[in-house]
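Reader: I'm new to reading protein structures. Could you show me one and let me ask about it?

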Amino acid sequence: SMTLEHGAHRIGKRIDSKMSRWRNYGFGQFIHWGLYAIPGGHWNGEYYGGAAEWIRSWKGMPNEDYDNLYTEFDPVDFDPKAWAEQAKDMGARYMIITTKHHDGFCLWPSEFTDYDVTNAPYGQDIIGPLVEAYDAEGIDVYLYFSVMDWNHPGYRSKLETAEDREAYEGFKEFTRNQLLELLERYPSTKGLWFDGTWDAAWKEQAEFADNLAMEMREMIPGLIIGSRFRPDDYGNRHFDSNGDLMGDYEQGWERKLPDTYEDTKGNDWDCVMTVPENQWGYHSDWRGHVKTSYELIEMLVKSVSLDGNFVMNFGPNGQGEIRKEERQLAKEIGEWMHKNQKAIYDCGYIDWEKQDWGYYTRNRESGEVYMIVFNKPINGALRIKTPAKINLDKIFDLNGPQKTYRPEEIHRNEYFIHLDEALLETPKVIVIQYSEATNQTKGYDKAKT
Ligand SMILES: C[C@@H]1N[C@@H](c2nc3ccccc3[nH]2)[C@H](O)[C@@H]1O
């Protein structure tokens, strides 16, 4: 392996209590809110088909028109307590809020720019009341921060001239100032979710980013920062030039999920997911496929079954309201979570062979295993294959523990449990309590082939 000054500084997972808390969340809420919510994917009556938070980059939107949207930002219906209560009812255990997206507009009063809420009609801090409301609900808050900042005069996507480099030094200082300012103003934040770090200019900043990350971790010990912040000595991101993860968890799963445990490389990771195919900020005209609550619940369950966290995105509108489709999804997911959160919270991967009926999760404390059944087989028989020397001691419905199942042994370490209910209305959770067997009793004849 190569000697790197600014590559991964730790091999393997963080094992401190703050990271264990992060690992056990299971379910989070992303909130994308900013000036882009005002046009909501339209301009001069024209529909913009891209991601609404990227409308500034659309040919149909003059940059200065977009940049002047701050003069219209006055979300009179913004109600952080209502947002936090909704998130609580949905079962989210952490929340990630955009403090500044790529457009550079700051939702907090920043000392280092005028392009912030204090100069908009609304005139007040948005981030502070949100942090307070979510903290009050016991939901941990993380701050999303885009390094890419289209508003700052010193921002460059690449460094070609001496002038570029000179300007970029000012931009780096500005970035550091804003990040330290955010941690100073909101010290209850548990971590930062960085974005907009793919530019060539930023990929040259291994030392700066490494020092800044260390400085932030000194300010808030245990601060959680993912793999999307630092480039290494050679400009590699997420994984350094030796293939080691940089940061506390992998942040590569944006609008996609790993399929197998191997895909996760055994790292901690989160998946951030939009409800439509690709809209983070508010778009008033969602087109194409809008995910149902069952699809989102299955993504949540799959994430936890592979040792990850699932973060579902919300895009409040320009008035500060959460749209009805998202409120409805939050309600439906919350109904399922109220009954089945034991299979999600504090749970993770277990190396039992994945079966077609759904997913296994395992409580990291108790060792209790959960079968989350999405696909009931025609014959109602759920196949279970366990590693050698495992005894299935007790199997019962999470939501009806008096309903127990006697596993039918069909081969060595292979069983059926028989569902007797006609149709599954919602994903069904069955609990398995197991123990390690001392010796293997029954013999089975291995086929000679
Ligand atoms: C979490 C997501 N990351 C931003 C983003 N910008 C991109 C540019 C190119 C490819 C993928 C992108 N994701 C999206 O705007 C959203 O904030």
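Reader: Thanks! How many Å does helix 9 reach from its first C-alpha to its last?

Author: Some background before the helix: this is a predicted model, where local features need pLDDT of at least 70, side-chain atom pairs count only at pLDDT 80 or more, and totals for chains, interfaces and linings use all residues. Residues are numbered from 1 along each chain as its sequence is written, and side-chain values use heavy atoms, leaving out hydrogens and water. Helices (H or I, at least four residues) and strands (E, at least two) are DSSP runs, numbered from the N terminus. Helix 9 covers residues 324-340, 17 residues in total, and at 1.5 Å a residue (times one less than the number of residues) a span of 24 Å is expected; its reach is close to that, at 24 Å.

Reader: Which strands help cover the buried residues of helix 9?

Author: Buried means under 20% relative accessible area, exposed over 50%, and partly exposed in between (1.4 Å probe, protein chains only). The buried residues of helix 9 include Leu329, Ile333 and Trp336. Helix 3 and helix 8 are part of their cover, and the strands in it include strand 1, strand 10, strand 13 and strand 19.

Reader: Which side chain makes a polar contact with the side chain of Asp125?

Author: Asp125 sits in the loop between strand 4 and helix 4, and is buried at 16% relative accessible area. A polar contact is a pair of N or O atoms within 3.5 Å; within protein, one must be able to donate a hydrogen and the other to accept it, and residues adjacent in sequence count only if both atoms are side-chain atoms. A polar atom of the Asp125 side chain lies 3.1 Å from the backbone nitrogen of Gly128. The side-chain partner, at 3.2 Å, is Arg185.

Reader: Asp140 and Lys190 meet in a salt bridge; how many residues apart in sequence are the parts that this pair ties together?

Author: A salt bridge is a side-chain nitrogen of Lys or Arg within 4 Å of a carboxyl oxygen of Asp or Glu, and here the N to O distance is 3.9 Å. Asp140 lies in strand 5 and Lys190 in the loop between helix 5 and strand 6, so the parts tied together are apart in sequence by 50 residues.

Reader: Is Asp420 buried or exposed?

Author: Asp420 meets Lys403 in a salt bridge of 3.0 Å, N to O. Lys403 is partly exposed, at 28%. With a relative accessible area of 57%, Asp420 counts as exposed.

Conventions
Contact means heavy atoms within 4.5 Å.
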